Amino acid sequence: MTANPRETPAESRATAAFIRRRLAELRTRMRGEAATAGAIAHLAARTDVLPAEAEAQLVRLSLESGMDVVDVAKTLEGEMGPPPHAPQQDVPRWLLAALQAVHVSAAYLTPVRDPAERVVDFVVAGTNDVATDVTGRGRDYLIGGRVLDLNPGLARSGLFDEYLRVYATGERLRRGPFEYVEVRDGLLWPASITVRAVRVEDGLLVAWDTHDDEERLVAGWERAQRIAELGWAEWNLATGRALWTPQIYEMFGREPEEGPLSLDELPARVVAEDQPLVEEQMRTLLEDREAIETEYRLQQRHGVRHLRLVSEPVLDGHGLPVAIRIMAQDVTGLRRRERALAVAHERADLAKRRAEEEHRVAARLQDVLLPVRRGVIDLPGLRIALRYHPGEEADRLGGDWFKARPLPDGRVLVAVGDAMGHGLAAAGLMATMRSGLAGLAYTGAPADQLATWLNELMYHANPGVTATGTAIIGHFDPACRTLAWADAGHPNPVLVRRGRAGLLEAERGTMLGAFESTEYSLRCTQLEAGDLLLLYTDGIVERRGRDVEEGMRALVKAAAAAEGLVGADPEHGIDYVLRELDAASAEDDVCLLALMVL
């Protein structure tokens, strides 16, 4: 069934309701501001004080009454009568005659003084015939009135303070065009005006011009041209006379004193590769007599500029082109940003392809070094379950590794490690650590000595490059069920015995490869039949937004609960731990070994 196209979508209705609600809130606030501004001005006029002093009185009344300032202002407006009579001063006849020569609204203001002889207001002593305030009230309304009472917006806008300064110093005032807001009938009346004021004898001669809609549109268009870097030009085809706005001069790199280029001089300024575009533009304008939009590059004294142009011919009554008009926009900055963005995208794509290739190489290297990534290994005195999940993202593939193998002397080498970094570099470092340990282990040296040698190997393996890693290296002796192990900056193993789990205590040694010469401590742990020992890398406990200590507590808790699931197969326990710790969502490699003591 086809929806009625006249039905308003729910999203549109919600937006319209938001607009109405917001407008109602704004209008309420504007009425409050109008009431406050009006009360301040009228209170100042009736008590012969300055607006700032009247505002202080209004705030004090608000605090004393517990009412909001706006409510106090509305109450005062209803109670205040007309302002006290101000004595009229004689205005020289020549000054009244001079007012009539001003073609915009003009008035002569005489001062009102308080008992301390301060000027606190002005009276409109005379106006010209065309005088109207911004709300449309004429000379009959204005003459004889107190300025603050007639136009509260003067205090709100700061113009009243400017009048006081002009009267006191004799300096002239010219302000505008600016946005002025008057207060009338409890409402705000915005207008764009220009104001001039000068002291004449013992008063102020003030003139103001309220700009009409057309003037405001022209001013707005000029501002828009500057903001959007737009320019306008016209060529009279009969006389050859051209008119350019200042922006066109900037685009062509010319000074206004040089004057505009003639129409036939334009092609010489366009770069050679874009000449066909200029020819198409001129043929369309002069022969086809149609408007056209185009873009080409312009060579000027400050370099190359990109211009987007909309051109149209002006035709007479017989269809003959008599003028050409062009609106141009300088889009050089836009084109530069587009080129920079394209280069950035190209570099990002290249980096992504390199990362993907590096990931594939690193993954193949891991497959060669660690072909077995899950299952159970039976070794003397131990049954070992293992899980190894390499990072899936190209930039997260890490260097986690493990080692579990019998030695000629009857002991079992067990180790887990993590090469710092990600990607191919980490995979290569992992290969160095794992292969190096495998060779060193056949010396029969204890675990702490193996760690020392492995540290030296890593330190000297890549001259000029800091290559570090961590590891737990141990020997399990099945005859006495002891584990002799060394910690090289790696998280401690977790021991589970008879339903209780905890971290094996040991002095954590320095990371491998950080320093040329480092000694490690050997720790001997007595194990029992049925014990479950977990060796792991930090990917299992680290999560974004979670503290590592919290992850360690979760691991110990999961390990304690997993012991009852092990039975004769430690894989059951390892699956439980990985599930409880949500290893599937890990961002880094996860390597976990569960050693069940037989």
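This report covers the overall make-up of a predicted protein model and one of its sheets.

Residues are numbered from 1 along each chain as its sequence is written. Local features need pLDDT of at least 70, side-chain atom pairs count only at pLDDT 80 or more, and totals for chains, interfaces and linings use all residues, while side-chain values use heavy atoms and leave out hydrogens and water.

**Whole protein**

The protein has 16 helices and 21 strands. These are DSSP runs numbered from the N terminus: helices are H or I with at least four residues, strands are E with at least two. Of its 598 residues, 44% count as buried, meaning under 20% relative accessible area with a 1.4 Å probe, protein chains only.

**The six-strand sheet**

One open sheet has six strands in the order 11-12-21-20-17-18, with antiparallel pairing. Strands 11 and 18 stand at the edges with a single partner strand each, so one side of each lacks a neighbour in the sheet. Two strands pair if DSSP finds at least two bridges between them. Strands 12 and 21 pair over eight bridges. Within that pairing, Arg387 has Leu592 of strand 21 as its bridge partner.

| Strand | Residues |
|---|---|
| Strand 11 | 374-379 |
| Strand 12 | 382-389 |
| Strand 18 | 500-503 |
| Strand 20 | 532-536 |
| Strand 21 | 590-597 |

**The helix across it**

Helix 16 (residues 570-580) lies across strands 11, 12, 20 and 21. Helix 16 runs at about 35 degrees to strand 12. Axes are lines fitted to C-alpha atoms, for helices over the stretch in contact (heavy atoms within 4.5 Å). Angles run from 0 to 180 degrees between N-to-C directions.

Conventions: Buried < 20%, exposed > 50% of the residue type's maximum accessible area, 1.4 Å probe, protein only.
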